[in-house]
Structure formats: C-alpha cells, structure tokens
Amino acid sequence: MQNYVLSCCSTADLSHEHFASRDIHYICFHFYMDGVEYTDDLGKSMPFEDFYAAMQNGTDTKTAQVSAGEYAEYFEQFLAAGQDVVHVTLSSGLSGTHMSARAAANILAEKYPERKIYIVDSLGASSGYGLIMDKLADLRDSGMGAAELAAWVEENRLTMHHWFFSSDLTFFVKGGRVSKTAGAIGGILGICPLLNMDNEGHLIPREKVRPKKRVINRIVEMMKEHAEGGLAYNGKCYICHSACYDDARAVADLVEAAFPNLNGKVLINNIGTTIGSHTGPGTVALFFWGDRRVD
C-alpha cells in the first residue's frame, strides 16, 4: 500500500463513484448562477440537466477556482495523517488554480517538513484530465511511488488528446473563444467549430465544420490520425458532453466501430458545472492517448 494520496480537482469531470472506486480524492471548484454560489460537486447539489437548462434559459454563470486557503485545509488532513500527496491540477492554461495549489503546498511545507506535496499541472481539462487520473491510479496500484508518479505525469501529459466541438456557439462567444460576428454567421450556417488543447493547455479553435453530422465524423478522424497505435489503439477512451447525450453517443459508436482493441467501451461522462459554465450546452469532447501534442 502506497503511503500517499492521489488527488485532483472536481474539474476532472468523472463521477463521484468513479473517483471512489479508484481511490482518487478531489477538491471542488465553485460556480455562481445569477450571483448565487454553488459547489461544483459532480452534479450532487445541482443536477447537470437543471444546470444546462438554466443556462439555456438565460441564467448568468461564473466560476471560481479553489483558493490557496482551501487547498491548505484540504491538503492538511492528509499530511496530519502521515500521508504525502500527489495533486494534479486543471490546466494552468485555463485557470490559476495551479498557482493556488503551489502556494498552499509551500505554506504547509513549513508545518510538515517531513511530508511531501507534489503539485503537477495536467495541461488538461474535463474528462481528459480525468483519464490522466485514471491512468495514475493504475500506476499507483502497480507500486509506483509518489515522486515517480509526479514525474510520469509531467513526462506524459501531452500525450493525452482533447478534441471538442460545439453545436451552440453562444457561450464560446461570451467567453471570447469565438468572435460575435463569427458566432452569428456560424449560427446561421450551422457551423460547429472543432477545437483541441495545445501543448500549453489552452483550448484552440482548429477547424470550422458544417453540418453537425460532419463534425461528428471529423472528430473521430482526429482520433484515427493521432491515437497511439492508430486503429490498433488499445487504451481507454472517454467522452463527455453538455446536455447533448445523443451527439456523444454518436461519437462513441463511431469510435467503438473504428477501434476494435479499445480497453473497454467508451465511457461517457457529463461536462461538469465549472467547465460547462464556459462551454454551455451542446459541447462534445473526445479524449484518448496519442502522439505528443504540439503548438
């Protein structure tokens, strides 16, 4: 039994049951709906269908990262119990939470000099970040120590691919990912932008695809092009969606048909309330291990 805790943020967008089954601890982000604060607790206090329905009805959403003080309180429970911590954060390209976690670790180092907290930037988000965590649980269970595990993340995190598309540009326009003009034209023409995560953990628009059926095929083509081993890929594949399960299922069906050696069926998750506050409804994301991400 390894004497350390494997930890992440709720923005890894797996279910509570999944985290519990893999013995992965997590700390929750916060979000606001029309100024009222909620906890991003994986859909327990705010069901995902209610959250996205509210967004579609015009509710204003904002998010708040975990503060250094919250991190310190969270980490200390493990240190006081005599355990080290490997904590992997949401991409620093999307949030300042990585710096908050580091600040907390530095504060606690003075109080618990015999303990170690390893803070690692996932350079990922949502269930791609979650797929990294699932792999780390495998490595921990195989006997890998805390320092080695942290080093493994830093060496391999850019081989986790994140590909997204959206059939509703409203919230991409609101967040500045898509211009107002492009958003208006895209809405009229039925354009679904295809995006991915670059090597600095930023979400980057790559292609403008129409109609939706074509972008569903196109995102699977990206997996065929980039997956480790090509069509012989034998790793896990996760998909997540924001109130558009049928689109996610269509992608999963194509993936399962194209990659017969997958490690299990494609796992479909919900995009959580933090990430979903920025994507809005209508987004599907595909995650898999592949070649090294660039630019």
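Helices are runs of at least four residues assigned H or I by DSSP, numbered from the N terminus. With that term in hand, select Glu221 in the viewer: this residue is found in helix α9, which covers residues 212-226. The structure on the screen is a predicted model, and the tour below moves through it from one selection to the next.

**First stop: Glu221 in helix α9**

Keep Glu221 selected and display its surface. The residue has a relative accessible area of 37%, and it is therefore partly exposed, since that class lies between the limits of 20% for buried and 50% for exposed. Next, add Leu254 to the selection. The two residues are 33 positions apart in sequence, and their C-alpha atoms are 9.7 Å apart in space.

**Second stop: the whole protein**

Now clear the selection and show the entire chain as a cartoon. The secondary structure comprises 11 helices and 13 strands. The radius of gyration is 19 Å, close to the 19 Å that the globule rule gives for 295 residues, so the protein is as compact as a globular protein of that length. Along the principal axes, the C-alpha atoms fill a box of roughly 60 × 50 × 35 Å.

Switch to a surface view. The protein exposes about 12600 Å², and carbon and sulfur atoms supply 50% of this area. Of the 295 residues, 55% count as buried. How far apart in sequence are the residues that touch one another? Among contacts between residues at least 6 apart in sequence, 76% join residues at least 24 apart.

**Third stop: Glu73 in helix α3**

Select Glu73, which is found in helix α3, residues 68-80. Is Glu73 buried or exposed? Its relative accessibility is 63%, so Glu73 counts as exposed, the limit for that class being over 50%. Add Ala104 to the view: Glu73 and Ala104 are separated by 31 residues in sequence and by 8.6 Å in space, from C-alpha to C-alpha.

**Fourth stop: Gly276 in helix α11**

Move next to Gly276, located in helix α11, residues 273-279. Because its relative accessibility is 0%, Gly276 counts as buried. To see what surrounds this glycine, select Phe51, Tyr52, Met55 and Ile271, which Gly276 touches when residues up to four places away in sequence are not counted. Then select Phe171: Gly276 and Phe171 are 105 residues apart in sequence, while their C-alpha atoms lie 9.3 Å apart.

**Fifth stop: Leu267 in strand β12**

Select Leu267, which is found in strand β12, residues 267-270. With a relative accessible area of 29%, Leu267 is partly exposed. Apart from its neighbours within four places in sequence, Leu267 is in contact with His18, Cys237, Tyr238 and Ile239. Arg249 is also worth adding to the selection: its C-alpha atom is separated from that of Leu267 by 9.8 Å, and the two residues are 18 apart along the chain.

**Sixth stop: two loops and their backbone angles**

The next two selections concern the backbone angle phi. Most residues other than glycine have a negative phi. Select Leu42 in the loop between β4 (36-39) and α2 (48-56). Although Leu42 is not a glycine, it has a positive phi of about 65°. Its relative accessibility is 12%, so Leu42 counts as buried.

Then select Ala243, in the loop between β11 (238-241) and α10 (245-258). What is the sign of phi for Ala243? This residue, again not a glycine, has a positive phi of about 60°. At 46% relative accessibility, Ala243 counts as partly exposed.

**Last stop: the second largest pocket**

To finish, select Lys135, Glu228, Gly235, Lys236 and Trp289. These lie nearest the centre of the second largest pocket, among the 15 residues that line it. The elements giving two or more residues to this lining are α5 (126-141) and α6 (146-156). Helix α5 provides the largest share, with four residues. About 240 Å³ of space lies in the pocket.

Finally, colour the lining by residue class. Four of the lining residues are nonpolar, six are polar and five are charged.

Note on methods: Residues numbered from 1 in each chain as written. Predicted model: local features only at pLDDT ≥ 70, side-chain atom pairs only at ≥ 80, totals over all residues. Heavy atoms only, no water. 1 Å grid on protein atoms, 1.4 Å probe; cavity = no way out; pocket = protein on both sides within 12 Å on 5 of 7 lines; lining within 4 Å. Points joined across faces, edges and corners; volume = space filled by probe spheres on them. Nonpolar A, V, L, I, M, F, W, Y, C, P; charged D, E, K, R; others polar. Buried < 20%, exposed > 50% of the residue type's maximum accessible area, 1.4 Å probe, protein only. Contact = heavy atoms within 4.5 Å. Rg over C-alpha atoms; globule rule 2.2 N^0.38 Å. Areas by Shrake-Rupley, 256 points an atom, 1.4 Å probe, with all protein chains shown as cover.
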